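Please follow the enclosed spaces and the central sheet of the protein shown below, beginning with a pocket and ending with a single residue.

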Amino acid sequence: MSTSRTGGQVVVDMLTSLGVEYVFGVVGGQTLAITDAIIDTPGIQLVHTRHENAAAVMMDAYGRLTGRPAACISTTGPGATNLLTGVGGAYRDSSPGFVITCNNNGENIHKDDAQNADHVELIKPLVKYSRLVAHGSSIKQAMEEAYVNALTGNPGPVHLDFARDTIEGQVENPPVVPEVHPSRSWVTERPSANPVALARVTERLLAAERPVIWLGNGGNRARASEDVLALAESLNIPVVTTFNGIGAVPTTHPLVFGAVSRMGTTLSGRVIGDADLVLALGNSLNAVSTTRWRRALPEIVQVDVDPTMIGRYYSEITQGVVSDLGSFARDLVTATAGKAEDAKSGRADWVAALDKARAEWWQGSAVADTAAEGPLSPADIVRTLRDVAPEDTLLIPDAGNPGVWSFLWEIQQAGTYIKPVGFGNMGFALPSAIAASLIDPRRPVLALIGDGSLGMSLGEIETLARVGGNVCVVVLNDSSYGNIRQEQELHFDGRTTGVDFGPVDFGMAARALGVPGEVVTDLATLQERVTASFAAGSPVVLDVPIDREVNAWTFPSFVAPKK
């Protein structure tokens, strides 16, 4: 007979078997049977946060950066509801992870017990899979099923709600849990395109004069940068990304022309506007990408691992291929090899014109005064940060204006950018930077965060102080919810409401929470402090007052020319 185990110990055994290294969360009475078991289990660590939302965001960021699930954990009621926003971000941006909630005793669930809430019903709309586990004998199977759901197809978070007596009680005849679960060997395998579909796409692609690869978040999840770029190079096809696809390919590549989204760039808008065929790779053609489906598009070839995403929008002009992006790109290079040179040369003049337009576009946001002082232009800040940050710096912009200004950040390596897009959840950058530090404490991480978002996650500076890492937090401080204030000014005759704050010295706040911080008011000092921060390899917070008159909605590099 197996050694006696509590349900909590079986949960932790299964987490380690499935490769989970970190559990992020805020402990409570109902969680203790799990969190206590972590203490005695090698290979897994509890990282406690100041708020459950940060724990869910850290789970999300870990999944984005590694492709593997971490877990977040909460107690019942308000603990579980505090997870929701971060879980929604993981779901909408296809990031795998375990969401673990710990409920009251099974006989009292749905009764008027302390902090009672129906966690399954609350969380189910924001996860791929949600289940109450109310018996010890069900723990292993429930976690196996959840894991398969999290990693197969389009990845995402999964939720397990454990009754308190299930995890605190002894499990009769506890299951034998393998050190490395066999499911880990196959869950990330993806399908290849069938030959008929591949032949159809090959014919159409060779006939197109101005095809464009529009790469979505699937490019990040598939880690398909090299394969997609090899396809682009073989046929001389320009590449643009969605907002959520930023980071899937380096923007320094000669065939990559930036992101197309609701607030994309004039350059990327021109590329997609010229196209006579769009290869939408891992691109759901959602509202953010298509200006709520008002963007006119030519014929589309849509490639996705999830067949239910294909033709969901623009169905009448879409041909679908169910496939992994990497294998699709490799197979297409092979299928077009005999006629690739003719197709490539036929697009040379168009690509040359786009290349010239790109040079002009970058010149349009060049820093005019490297010694600028006072409230600084966010465009100048981002261009300056890119000049001094190491090539492999992971940029994490928060929701709102930081994400828009990050269009001006040159991505020199694939996989060095993450941002909340589908849910647009504020308070993302700081917890994500902490998660990145746990993965690799030496990797330079730049969290670009507005003062509004930092106000929502300020307590996690103390978490950053505990965890450490090579993290530079740059605060774009305009004492407001800047993106919404600017939209009000633009569309409501300059009238604003509910968007302005009093002055906050985030450098002082950071020091109070255990991280060195200061206010920086000129570009030269910003260069010095960021350079020194990454050289030291320890956290710092730089609060940079920005010019409120520089409006992301009207910035020339982002506004499409009128026809």
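In this predicted model, the largest pocket has a volume of about 940 Å³. A total of 45 residues line this pocket, and those closest to its centre are Asp93, Ser94, Asn154, Asn217 and Gly218. Two or more lining residues are given by each of helix H4 (78-92), helix H9 (217-222), helix H12 (287-290) and strand S13 (299-304), and among the contributors H9 provides the largest share, with four residues. Sorted by class, the lining of the largest pocket comprises 17 nonpolar, 19 polar and nine charged residues.

Apart from this open pocket, the structure contains two cavities of 30 Å³ or more. The largest cavity holds about 190 Å³ of space, and of the 19 residues in its lining, Thr251, Phe257, Gly258, Ala259 and Phe407 lie closest to the centre. Strand S11 (256-259) and helix H15 (348-363) each contribute at least two residues to the lining of the largest cavity, with S11 giving the most, namely four residues. The class count for the lining of the largest cavity is eleven nonpolar, seven polar and one charged.

The second largest cavity encloses about 30 Å³, and its lining is formed by Pro378, Asn401, Trp405, Asp478, Arg485, Gln486, Ile546, Asp547, Arg548 and Val550. Helix H17 (401-405) and helix H21 (482-491) are the elements that give two or more residues to this lining. By class, the lining of the second largest cavity divides into four nonpolar, two polar and four charged residues.

Strand S11, which gives four residues to the lining of the largest cavity, also belongs to an open sheet of six strands, arranged in the order S11-S10-S9-S12-S13-S14 with parallel pairing. The edges of this sheet are S11 and strand S14 (318-322), each of which pairs on one side only, and from one strand to the next the twist averages 20°. Strand S13, within the same order of strands, is one of the elements that give two or more residues to the lining of the largest pocket.

Strands of a sheet pair through backbone hydrogen bonds, in either a parallel or an antiparallel manner. At the S11 edge, strand S10 (residues 239-241) runs parallel to S11 and is joined to S11 by two bridges, and Val239 has Val256 as its bridge partner in S11. Helix H11 (residues 266-274) lies across strand S9 (211-215), S10, S11 and strand S12 (277-281), and runs at about 110° to S11.

The next residue to consider is Val240, which is placed in strand S10. Why does Val240 count as buried? The reason is that Val240 has a relative accessibility of 0%, and residues under 20% are classed as buried. Leaving aside the neighbours within four places in sequence, Val240 is in contact with Val212, Ile213, Trp214, Leu215, Phe257, Gly258, Val260, Ser268, Val271 and Ile272. Two of these contacts, Phe257 and Gly258, are also among the residues closest to the centre of the largest cavity. Finally, Val240 and Gly216 are separated by 24 residues in sequence, while their C-alpha atoms are 8.9 Å apart in space.

Note on methods. Residues numbered from 1 in each chain as written. Predicted model: local features only at pLDDT ≥ 70, side-chain atom pairs only at ≥ 80, totals over all residues. Heavy atoms only, no water. 1 Å grid on protein atoms, 1.4 Å probe; cavity = no way out; pocket = protein on both sides within 12 Å on 5 of 7 lines; lining within 4 Å. Points joined across faces, edges and corners; volume = space filled by probe spheres on them. Nonpolar A, V, L, I, M, F, W, Y, C, P; charged D, E, K, R; others polar. Pairing = 2+ DSSP bridges. Axes fitted to C-alpha atoms, helices over the stretch in contact; angles between N-to-C directions. Contact = heavy atoms within 4.5 Å. Buried < 20%, exposed > 50% of the residue type's maximum accessible area, 1.4 Å probe, protein only.
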